Amino acid sequence: MEVRILPNRVIEVNENETLMEALTRHQLPVDNICNGQGTCGKCKVRMIGNISAPSAQDLKHLSEVELEAGFRLACTVAPEEGMVIELNFVESQDRKESALLGMKIATLNTKVEKICVTLNKPSLDDERGDWDRVMDALCAITGKKYEYPSLYVLKKVSEVLRAESYVLTVTVFENEVLEIEPGDTTKRLYGVAVDIGTTSVGLALYDLMDGNLQKVVSIENEQTAYGADVISRISFAKASQENARTMRSAVRRTINHLLKELESKTGVLRSEIYKMSIVGNTTMHHLLLGFDVSHLAVSPFVSVCNKPLEFSASELGLEINTQAKVFLLPNIGSFVGGDTVGAIVGAPEVLEPGNHLLIDLGTNCELFLKTDQTMMACSTAAGPAFEGAGIAYGMRAKQGAIEGVSITESGVNCEVIGGQDPIGICGSGLIEAIDEMKQAGVINKQGKVTVPDTADNLSADLRQRIRPTEKGREFILAYGTDQRSDVTINQKDVGELQLAKGAVCAGIKTLVEMAGISVSELDSVVLSGTFATYLKANNILNIGLVPDISPEKIKMVGNAAHVGAIRTLLNHQEMEMTHELYKKIRHIELGGSAKFSNYFMNSMYLERLS
């Protein structure tokens, strides 16, 4: 059976397959927060002609306007021959490149270098083997010995040697020969820093000769088709070996897709990339490598390996030079992975004398506390609300997402990415909206949406924006159109945000107490993550995401985990420093902690929290 996907794609659908399963199998973009269980309401598609009757899940999650316009949940649609589907191909707003363009590396020391060698031709008086000839000349130039050539290099040395009249370029990493090429290619040497996020994957291409950024690209992690958070992906992966391979292939395919995009946009051949550094949380790390993730899902949450790892690109199926070096930053323990270590390297001010707290906000939240006596780290069960999951109109930071909100008596003003009509709200918009709703009196500190009939403190416009629904009262941020619903925040959405921010705040309080200091003794609170870049200190203090502290101590540093990957790519001493960090940082498990539970209950209020 064939289904047409607008504008110009036709896909084959298998028997007894839902539309969601077919779209996922063909790598077509559709949000799948609940892994096809019909509970999240995010996998909206629009049917053009031959519209199927709405399912119970459709009636639960979609408005009358959306149902009339032909919207359905892909996980409930049974495909039919000739069906025509419109997906939401909203392009991601690339917020990553601007954050990295100004970054300068203090010391360029990649450990990868290219050396041009000119050799004498063999003769009856000089019958050395081709490889011996190359090594003798190379050793004379570098003063190093290269004892163990790879079979890959040995098999091509004779051809390369003669291709350009005995002039060739040798690429080495420390005492290892990675590649040989005919002629002088010493000016073409590149590396890539990879940030594997739960939600999205970002790649930064660098010239390893001068340390300059060439291009940053990012895309949604293809694993999101199997769940929005790490727990759902672990559940999927451990169900069968086939599922585990599917998850491994999905993230590798995402990286390789971005590598092709870099090649097309910069002209840098993938074969010219000789080094790669990778950061990601423990689950992303394991799924990339094909490790067993089943033990991460149950106490005591043990990983397969925390140590720093090094592979060749060919071992991981990554489409750069097959002999390129690929380095994975170490995990700390449980769900605190290499992305946290990367964030520490990317925000080195947290290692300076004094008491410093790093909060890495994303689909997952990790905390790192450094004092003059100790270094500690933990992860919090914040859930993916900060990325829009579990929020009725939540979405990632794409065009059409509300990213800023201000509320006055005369109404609501929304800042929308791309300047277009709003279709949803992203994490930074959600936090600001709830703070503004609290300040305006639309919700109270318990998070309860006010009853409009008794809200004498609200203007007529604000009262009209509050209406009852089956999920409790909701507040209209932006009115819709004939084909788009109003963008709202409902009572459940407020609760989801309270759970997420409460977990972060409680985690902070727990770490600080275990370190023997108070919140007021923190010299800095550093927020990292692309999402965190767009937060405002007063908003996060007003809703109690962070315990009450002087706003001047709060600093946003952008995607520090990716910056850490870049720093380790460009300066191998930074990579070696991560070896020491993972040994020194103490992992704290918050699950089952009485301290954390007590703080969590008291951190739910939408107010400044001591």
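## A walk through a predicted chain

Strand 6 (residues 112–118) pairs with strand 7 over seven bridges, and the two run in the antiparallel sense. One spot to find in this pairing is Lys 114, whose bridge partner in strand 7 is Thr 171. Before going further, keep in mind that you are looking at a predicted model.

Let's stay with strand 7 for a moment. Is it enclosed or open to the outside? Six of the seven residues of strand 7 are buried, so the rest of the structure largely encloses this strand. Strand 7 also pairs with strand 8: six bridges join them, and they run antiparallel. Among these bridges, Phe 173 is matched with Glu 176 in strand 8. The two strands make a hairpin, with two residues between them. In that turn, Glu 174 has a positive phi of about 55°. Strand 8 is largely enclosed by the rest of the structure too, because five of its seven residues are buried.

If you're wondering what holds such strands side by side, strands of a sheet pair through backbone hydrogen bonds, either parallel or antiparallel.

**Helix 6**

Now look at helix 6 (residues 151–163). Where does it bend? The bend is at Val 157, and it comes to about 50°. Val 157 is also one of the buried residues of this helix, along with Val 153, Val 160 and Leu 161. Here's a handy rule: an α-helix has 3.6 residues a turn, so residues three or four places apart point the same way. What covers the buried residues of helix 6? The cover includes helix 5 (130–142), strand 7 (167–173) and strand 8 (176–182). So the hairpin strands turn up again here, as part of that cover.

Not everything in helix 6 is tucked away. Leu 151 sits in this helix, and with a relative accessible area of 61% Leu 151 is exposed. The C-alpha atoms of Leu 151 and Ala 56 are 61 Å apart, and these residues are 95 residues apart along the chain. Just after the helix, Ser 165 takes a positive phi of about 55°.

**A six-stranded sheet**

Further along the chain there is an open sheet of six strands, with the order 11-10-9-12-14-13 and mixed pairing. Its edge strands are strand 11 (213–220) and strand 13 (309–312), each of which pairs on one side only. On average, neighbouring strands in this sheet are turned by 15° against each other, direction ignored. Inside the sheet, strand 9 (residues 190–196) and strand 12 (residues 273–280) run parallel and are joined by seven bridges. Look for Ala 193 there: it stands opposite Ser 277 in strand 12.

Here are three of the strand pairings in one place:

| Strands | Direction | Bridges |
|---|---|---|
| Strand 6 and strand 7 | antiparallel | seven bridges |
| Strand 7 and strand 8 | antiparallel | six bridges |
| Strand 9 and strand 12 | parallel | seven bridges |

**Two asparagines in loops**

Asn 212 is in the loop between strand 10 (200–207) and strand 11, while Asn 221 is in the loop between strand 11 and helix 7 (230–238). Are they buried or exposed? Asn 221 has 0% relative accessibility and therefore counts as buried. Asn 212, at 35% relative accessibility, counts as partly exposed.

Asn 221 has plenty to look at. A polar atom of its side chain lies 2.9 Å from the backbone nitrogen of Gln 223. Leaving aside neighbours within four places in sequence, Asn 221 is in contact with residues including Ile 196, Thr 198, Ser 200, Arg 233, Val 251 and Met 284. As for Asn 212, its C-alpha atom is separated by 52 Å from that of Gly 472, 260 residues apart along the chain.

**Stepping back**

Now for the whole chain, which has 18 helices and 26 strands. Its C-alpha trace spans about 105 × 65 × 45 Å along the principal axes. Why can we call its radius of gyration in line with a compact globule? With 610 residues, such a globule would have a radius of gyration near 25 Å, and the chain has 27 Å, which agrees. Buried residues make up 57% of the 610 residues. Finally, of the contacts in the chain with a separation of 6 or more, 66% come from residues 24 or more positions apart.

Methods
Residues numbered from 1 in each chain as written. Predicted model: local features only at pLDDT ≥ 70, side-chain atom pairs only at ≥ 80, totals over all residues. Heavy atoms only, no water. Bend = angle between axes of the 7 residues up to and from the residue. Helix = DSSP H or I, 4+ residues; strand = E, 2+ residues; numbered from the N terminus. Buried < 20%, exposed > 50% of the residue type's maximum accessible area, 1.4 Å probe, protein only. Contact = heavy atoms within 4.5 Å. Pairing = 2+ DSSP bridges. Axes fitted to C-alpha atoms, helices over the stretch in contact; angles between N-to-C directions. Polar contact = N/O pair within 3.5 Å; in protein donor to acceptor, adjacent residues only side chain to side chain. Rg over C-alpha atoms; globule rule 2.2 N^0.38 Å.
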